[in-house]
Amino acid sequence: MATSVLCCLRCCRDGGTGHIPLKEMPAVQLDTQHMGIWGIGVATQKVNLNQIPLGRDVHSLVMRNDGALYHNNEEKNRLPANSLPQEGDVVGITYDHVELNVYLNGKNMHCPASGIRGTVYPVVYVDDSAILDCQFSEFYHTPPPGFEKILFEQQIF
């Protein structure tokens, strides 16, 4: 995985995954720069990040590049057929510790998904030459009320 940090995290090339711990009710946005295989969502620490697409087990809840939201190898919901992400679109997610909601270019797609339990982390994966610019703060579109950037947990000794 090739990553660089400017004001965002870029995931590109083949087989890249990443996760960071969540605190509060976060929002994440990604800009689809080059289409390929990708997914965005939440996962527990037990998820196998080397087996994509995610959403195959109880440890991840993701929206895949085809607009389907998967958890435990079950399609939980799907974006409307006329609203599938295209190159250059901004996909956003919010997670309130129960439901994962998807936004396309700032618009709520009204296709929530749930089912994952326990402490979760945001997860983004790419394959097949996909390139995504991930925003964990400084969003392109304002998150809905009650959601904000991801706050990183810090340990103080």
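These legends go with a set of close-up views of one predicted protein model.

**View 1. The whole chain is built from strands.** Start by tracing the fold from one end to the other: there are 13 strands here and zero helices. Read along the sequence, the pattern is simply β-β-β-β-β-β-β-β-β-β-β-β-β. The protein chain has 157 residues, and 46% of them count as buried. Now look at who touches whom. Take the contacts between residues at least 6 apart in sequence: 64% of these join residues at least 24 apart. As for the outside, the chain exposes about 8,200 Å², with carbon and sulfur atoms supplying 47% of that area.

**View 2. Strand E5 is wrapped up by the rest of the structure.** Zoom in on residues 60-64, which make up strand E5. Five of the five residues are buried, so E5 is largely enclosed by the rest of the structure. Which way do the side chains go? Ser60, Val62 and Arg64 point one way from E5, while Leu61 and Met63 point the other way. Whichever way they point, all of these residues are buried.

**View 3. E5 has a partner in E4 and another in E6.** Strand E4 (residues 37-43) runs antiparallel to E5, and five bridges join the two. Find methionine 63 in E5 and look across: isoleucine 40 stands opposite. Strand E6 (residues 68-71) also runs antiparallel to E5, this time with three bridges. Methionine 63 turns up again here, standing opposite leucine 69 in E6. E5 and E6 form a hairpin with three residues between the strands, and glycine 67 takes a positive phi near 90° in that hairpin.

**View 4. Strand E9 is mostly covered and pairs with E8.** Move along to residues 99-104, the stretch called E9, where five of the six residues are buried. How do E8 (residues 90-95) and E9 pair? They do it in the antiparallel sense, over five bridges. To spot the pairing, find tyrosine 95, which stands opposite leucine 100 in E9. The two strands make a hairpin with three residues between them. Histidine 97 sits in the turn and has a positive phi of about 75°.

**View 5. E9 also pairs with two short stretches, E10 and E11.** Strand E10 covers residues 107-108 and pairs with E9 in the antiparallel sense over two bridges. Here leucine 104 has lysine 107 in E10 as its bridge partner. E9 and E10 form a hairpin with two residues between them, and asparagine 105 in the turn has a positive phi of about 55°. Strand E11 (residues 113-114) pairs with E9 too, again antiparallel and over two bridges. Leucine 100 is worth finding once more, as it stands opposite alanine 113 in E11.

**View 6. Serine 129 sits in a loop.** Look between strand E12 (121-127) and strand E13 (130-135), and you will find serine 129 in the loop. Is serine 129 buried, exposed or partly exposed? Its relative accessibility is 38%, so serine 129 counts as partly exposed. Tryptophan 38 is 91 residues away along the chain, yet the C-alpha atoms of the two residues are separated by 9.4 Å.

**View 7. Treat the start of the chain with care.** The mean pLDDT of the protein chain is 78, and 74% of the residues reach 70 or more. Over residues 1-26, though, pLDDT stays under 50. The model does have 91 contacts beyond four places in sequence for that stretch. Where pLDDT is low, the predicted coordinates should not be read in detail.

Definitions and conventions
Residues are numbered from 1 along each chain as its sequence is written. This is a predicted model: local features need pLDDT of at least 70, side-chain atom pairs count only at pLDDT 80 or more; totals for chains, interfaces and linings use all residues. Side-chain values use heavy atoms; hydrogens and water are left out. Helices (H or I, at least four residues) and strands (E, at least two) are DSSP runs, numbered from the N terminus. Buried means under 20% relative accessible area, exposed over 50%, partly exposed in between (1.4 Å probe, protein chains only). Contact means heavy atoms within 4.5 Å. Accessible areas come from the Shrake-Rupley method with a 1.4 Å probe; for residues, only the protein chains shown count as cover. Two strands pair if DSSP finds at least two bridges between them. pLDDT is the predictor's confidence in each residue, from 0 to 100.
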